[in-house]
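The report below goes through a single protein chain, beginning with one residue and moving outward to the cores, a helix and a pocket. The sequence and the model come first.

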Amino acid sequence: MRAGMIGRRLTMKGEFVDLVLKGLKNTTIRLGKLKPKHRVVILHGGGRDVAKVEITGVRYKKLGDLTDEDAQRDGFESLEDLLKALRKVYGDSLFYVPRFDVRAFAKTCLLYTSPSPRDRG
């Protein structure tokens, strides 16, 4: 089983970032038993840092123990859709399911961009 840490960045596919920012996705499901090093991390997706998120909880579940509620929190319409997506990538394994809250930070820290060379002075 994969064990490890989540660092300062929580990375996800760009297609899921919009769901997070709209409040339709507040978990992400990862293979293994991962522990966050930090409570507040940077959400990275679509090739850029997009928001700060606070990890508000972590659960570990087997694929067969995931529920409709887990699927909805992860931005899927049904448990069946979530299971299909996960099995395609991982098979039947133990998953790391961090729950996060982006709403508290989105208004002030929504986008992170590097300053342009002319702004660096």
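Asp49 lies in strand S6, and in this predicted model Asp49 has a relative accessible area of 14%, so that, with buried meaning under 20%, it counts as buried. Its sequence separation from Thr11 is 38 residues, yet the C-alpha atoms of Asp49 and Thr11 are 8.8 Å apart in space.

Two other residues can be set beside Asp49. Met5 lies in strand S1, which spans residues 3-6, and because its relative accessibility is 48%, Met5 counts as partly exposed. Thr28 is found in the loop between H1 and strand S3 (30-31), and Thr28 is buried, with a relative accessible area of 5%. The table lists, for each of these residues, a partner that is separated from it along the chain, together with the distance between the C-alpha atoms.

| Residue | Partner | Separation in sequence | C-alpha to C-alpha distance |
|---|---|---|---|
| Met5 | Lys35 | 30 residues | 4.7 Å |
| Thr28 | Gly75 | 47 residues | 8.9 Å |
| Asp49 | Thr11 | 38 residues | 8.8 Å |

As for the chain as a whole, the protein has four helices and seven strands, and from the N terminus on these elements run in the order β-β-α-β-β-β-β-α-α-β-α. Of the 121 residues in the protein, 38% are buried.

Which residues make up the largest nonpolar core? This core has 12 residues, namely Ile6, Leu10, Met12, Val17, Val20, Leu34, Val41, Leu43, Val50, Ala51, Val53 and Ile55. At least two of its residues are supplied by each of strand S2 (9-12), helix H1 (14-21), strand S5 (40-45) and strand S6 (48-62), and S6, the strand that also holds Asp49, gives the most to this core, with four residues. Apart from this core lies another, of 10 residues, which include Leu63, Ala71, Leu82 and Val97. In soluble globular proteins, nonpolar side chains tend to be buried together.

Leu82 leads on to helix H3, where it is one of the buried residues, the others being Leu79, Leu83 and Leu86. Helix H3 comprises the 12 residues 79-90, and from its first C-alpha to its last it reaches 16 Å, which is close to the 16 Å expected at 1.5 Å a residue. Why do the buried residues of H3 lie on the same side of the helix? They cover an arc of only 95° around the axis, and therefore they fall on the same side of H3. On the other side of H3, by contrast, Glu80, Lys84 and Lys88 are exposed. The residue that follows H3 is Gly91, and its phi is positive, near 80°.

H3 also takes part in the largest pocket, which holds about 360 Å³ of space. The lining of this pocket consists of 15 residues, and those lying nearest its centre are Lys13, Phe16, Ile29, Leu86 and Tyr90. H1 and H3 each supply at least two residues of the lining, but the largest share, five residues, comes from H3. When the lining residues are sorted by class, eight are nonpolar, one is polar and six are charged. Leu86 thus appears in two places in this description, being among the buried residues of H3 and among the lining residues nearest the centre of the largest pocket.

Definitions and conventions
Residues numbered from 1 in each chain as written. Predicted model: local features only at pLDDT ≥ 70, side-chain atom pairs only at ≥ 80, totals over all residues. Heavy atoms only, no water. Core = buried A, V, L, I, M, F, W, Y, C linked by side-chain atoms within 4.5 Å. Buried < 20%, exposed > 50% of the residue type's maximum accessible area, 1.4 Å probe, protein only. Expected span 1.5 Å × (residues − 1). Arc of directions from axis to C-beta. 1 Å grid on protein atoms, 1.4 Å probe; cavity = no way out; pocket = protein on both sides within 12 Å on 5 of 7 lines; lining within 4 Å. Points joined across faces, edges and corners; volume = space filled by probe spheres on them. Nonpolar A, V, L, I, M, F, W, Y, C, P; charged D, E, K, R; others polar.
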